[in-house]
Amino acid sequence: MQINRLQSEQEWAEMFADNLRDAMRERGYNQEELSAYAGVPQSSINRYLKAKSMPSLHCLMMICVEIGLGVEEMGNFDKFVV
């Protein structure tokens with residue numbers, strides 16, 4: 001039997017921040033543009049990019065739809081289950 005081990009919330013936040021930063025760079029978005037297009041406050045985008053917080057499910061979905069990536073691509077969830 002395999003036991004699942006989840007990483008810390010901070011590790012999740014840092015991974016999400018890296019993925020979000022990469023996706024924004026690839027699509028040419030700055031924080032203000034992503035905020036406007038995804039309907040997520042710019043202050044929230046800033047906190048996500050600094051790994052200070054994680055988005056709610058609703059905000060995560062809005063960001064993923066706008067940047068054209070699936071939630072699993074932004075989260076790399078498979079890397080957190082051992």
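How many disulfides does the structure hold? The count is 0. This is a predicted model, and its cysteines include two in helix 4, Cys59 and Cys64, that are among the buried residues of that helix. Cysteine 59 has a relative accessibility of 15% and so counts as buried. Cysteine 64, at 4%, counts as buried as well.

The overall plan comes next. The chain has 5 helices and 0 strands, and from the N terminus on its elements run α-α-α-α-α. Of the 82 residues in the chain, 38% are buried. Contacts also reach along the sequence: among those between residues at least 6 apart, 63% join residues at least 24 apart.

How far the model can be read depends on its confidence. The mean pLDDT of the chain is 85, and 83% of the residues reach 70 or more. Confidence is highest in helix 3, at a mean of 97, and lowest in helix 5, at 77. At the start of the chain, residues 1-5 have a pLDDT that stays under 50, and the model has 7 contacts for them beyond four places in sequence. Where pLDDT is low, the predicted coordinates should not be read in detail.

Helix 4 is a useful place to look at how the helices meet. It covers residues 57-67, and its buried residues are Cys59, Leu60, Ile63, Cys64 and Ile67. Seen down the axis of helix 4, these residues fall within an arc of 130°, so they line one face of the helix. The spacing of such residues follows from the geometry of the helix. An α-helix has 3.6 residues a turn, so residues three or four places apart point the same way. On the other side of helix 4, the exposed residues are Leu57, His58 and Val65. What does the buried face pack against? The buried residues of helix 4 pack against helix 1 (9-27), helix 2 (31-38), helix 3 (42-49) and helix 5 (71-75). After helix 4 comes glycine 68, which has a positive phi, near 75°.

Aromatic side chains supply further links. The structure holds 2 aromatic pairs. One of them is formed by phenylalanine 16 and tyrosine 48, which meet edge-to-face, with 6.2 Å from centre to centre and 80° between the planes. Phenylalanine 16 belongs to helix 1 and tyrosine 48 to helix 3, so this pair ties together parts that are 32 residues apart in sequence. Phenylalanine 16 and tyrosine 48 are both buried. Tyrosine 29 and tyrosine 37 form an aromatic pair too, and this one is tilted, at 5.6 Å centre to centre and 55° between the planes. Tyrosine 29 has a relative accessibility of 19%, and since buried means under 20%, tyrosine 29 counts as buried.

Charged side chains form another set of pairs. Which side chain does arginine 21 meet in a salt bridge? The partner is aspartate 18, at 3.0 Å from N to O. Both residues lie in helix 1, 3 residues apart, which is about one turn of the helix. Arginine 21 is partly exposed, at 31% relative accessibility, and aspartate 18 is partly exposed at 41%.

Helix 1 also holds the salt bridge between arginine 25 and aspartate 22, whose side chains meet at 3.2 Å, N to O. These two residues are 3 residues apart, about one turn of the helix. Arginine 25 counts as exposed, at 57% relative accessibility, whereas aspartate 22, with a relative accessible area of 35%, is partly exposed.

A further salt bridge joins the side chains of arginine 27 and glutamate 26, at 3.3 Å from N to O. Here arginine 27 is partly exposed, at 33% relative accessibility, while glutamate 26 is exposed, with a relative accessible area of 65%. The total for the structure is 3 salt bridges.

Definitions and conventions: Residues numbered from 1 in each chain as written. Heavy atoms only, no water. Buried < 20%, exposed > 50% of the residue type's maximum accessible area, 1.4 Å probe, protein only. Helix = DSSP H or I, 4+ residues; strand = E, 2+ residues; numbered from the N terminus. Arc of directions from axis to C-beta. Contact = heavy atoms within 4.5 Å. Salt bridge = Lys/Arg side-chain N within 4 Å of Asp/Glu carboxyl O. Disulfide = S-S within 2.5 Å. Phe/Tyr/Trp six-rings, centres within 6.5 Å; stacked < 30°, edge-to-face > 60°. pLDDT = per-residue confidence, 0-100.
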